Amino acid sequence: MNSELIDQLSGSLGANGLPYTIPIHPNLVHLTIGLFIIAMTFDIVGVLFPFEKWVFKFLAITVERDNLFDVGWYNMLAASIITFFTVGAGFYEMLLAAPPADMKSAWGLQAMETMLWHGVGGVFLLALIVGMTIWRAWQRFVWGKQEYKQTDREVQWIYLFAGIAIMFILYIHGTLGAQLAAEFGVHNTADNLLRSHQDLNTTLK
């Protein structure tokens, strides 16, 4: 956003450029990523359960295949819900960002390019995660209940491969976000104080 517009709000913004102490978006991002990875991991373990059953028995872990798929479904549903808040908080904090314009990231992108790709990528990932949740619901409540189905496997292999591909996209997308904070200092308290020539030892006591 234009730095002059941000200056109009400067009285209510902290050293990190936000009206609150800890940025919300990065914390919600990790919640989204964690829920999605847990969902996919448990579904993968559920699909491979017939091959791994002896491992659970050896470790004296009482678990049924349906339990694994339950964890996969509820975590995917939670990831879908929380990602709306993740993207919303991200756009709000991006509007208050005032990164340096004369720098480039390790990927050779300037701050505005990085923010645009990160913003568009966030909406794209939201659509993917919601789509995966709908797909997962169809498999759980429709495909998994069909009478002619010959297996108690609740998810399809192609669903698992799609989830793994999305995890790779999450990695790329997350790297862009990390570059905004670490390289451009977006909402980074220490970086903003240094750029304003303030003493960290005094300010952060």
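Reader: Hi! Before we look around, what does buried mean here?

Author: Hi! Buried means under 20% relative accessible area. One thing to keep in mind is that this is a predicted model.

Reader: Got it. So is Tyr159 buried or exposed?

Author: Tyr159 is buried, because its relative accessibility is 0% and the cut-off is under 20%.

Reader: Does that ring have a partner? I mean, which ring pairs with Tyr159?

Author: That would be Trp135: the two ring centres are 5.4 Å apart. Their planes stand at 90 degrees, so the pair is edge-to-face.

Reader: And where do those two sit?

Author: Trp135 is in helix H5, while Tyr159 is in helix H6. The pair therefore ties together parts that are 24 residues apart in sequence.

Reader: What about Trp135, how accessible is that one?

Author: Trp135 has a relative accessible area of 24%, so Trp135 counts as partly exposed.

Reader: How many aromatic pairs are there?

Author: The count is five aromatic pairs. One of them joins Trp73 and Tyr74, with 6.4 Å from centre to centre. Their planes are 55 degrees apart, and this pair is tilted.

Reader: Which residues make up the cluster with Trp73?

Author: Ring pairs link Trp73 with Tyr74 and Phe141 in that cluster. Trp73 is itself buried, at 8% relative accessible area.

Reader: New topic! What's the volume of the largest pocket?

Author: The largest pocket has a volume of about 670 Å³. Its lining is made up of 32 residues. Nearest the centre are His25, Pro26, Val29, His118 and Gly177.

Reader: Which helices give two or more residues to that lining?

Author: Helix H2 (24-47), helix H4 (65-95), helix H5 (111-141) and helix H6 (157-182).

Reader: And how do the lining residues divide into nonpolar, polar and charged?

Author: There are 16 nonpolar and 15 polar residues, plus one charged residue.

Reader: Cool. I've got Thr114 on my screen, so where is it?

Author: Thr114 belongs to helix H5. With 0% relative accessibility, Thr114 counts as buried. Beyond its neighbours within four places in sequence, its contacts include Ser105, Leu176 and Phe184.

Reader: Last one: which residues does UniProt list as "transmembrane region"?

Author: The unreviewed UniProt entry lists residues 28-51, 72-95, 115-135 and 156-174. In the model, residues 72-95 are 100% helix, with the end C-alpha atoms 34 Å apart. Residues 115-135 are also 100% helix, and there the end C-alpha atoms lie 30 Å apart.

Key. Residues are numbered from 1 along each chain as its sequence is written. This is a predicted model: local features need pLDDT of at least 70, side-chain atom pairs count only at pLDDT 80 or more; totals for chains, interfaces and linings use all residues. Side-chain values use heavy atoms; hydrogens and water are left out. On a 1 Å grid over the protein atoms alone, a cavity is a set of points where a 1.4 Å probe fits but cannot get out, and a pocket is an open set with protein on both sides within 12 Å along at least five of seven lines; lining residues have an atom within 4 Å of a point. Grid points are joined across faces, edges and corners, and a volume is the space filled by probe spheres set on the points. Helices (H or I, at least four residues) and strands (E, at least two) are DSSP runs, numbered from the N terminus. Ala, Val, Leu, Ile, Met, Phe, Trp, Tyr, Cys and Pro count as nonpolar, Asp, Glu, Lys and Arg as charged, and the others, Gly among them, as polar. Rings of Phe, Tyr and Trp (its six-membered ring) pair if their centres lie within 6.5 Å; planes under 30 degrees apart count as stacked, over 60 as edge-to-face and the rest as tilted. Buried means under 20% relative accessible area, exposed over 50%, partly exposed in between (1.4 Å probe, protein chains only). Contact means heavy atoms within 4.5 Å. UniProt positions are given in the numbering used here, feature names are shortened, and annotations may be inferred rather than shown by experiment.
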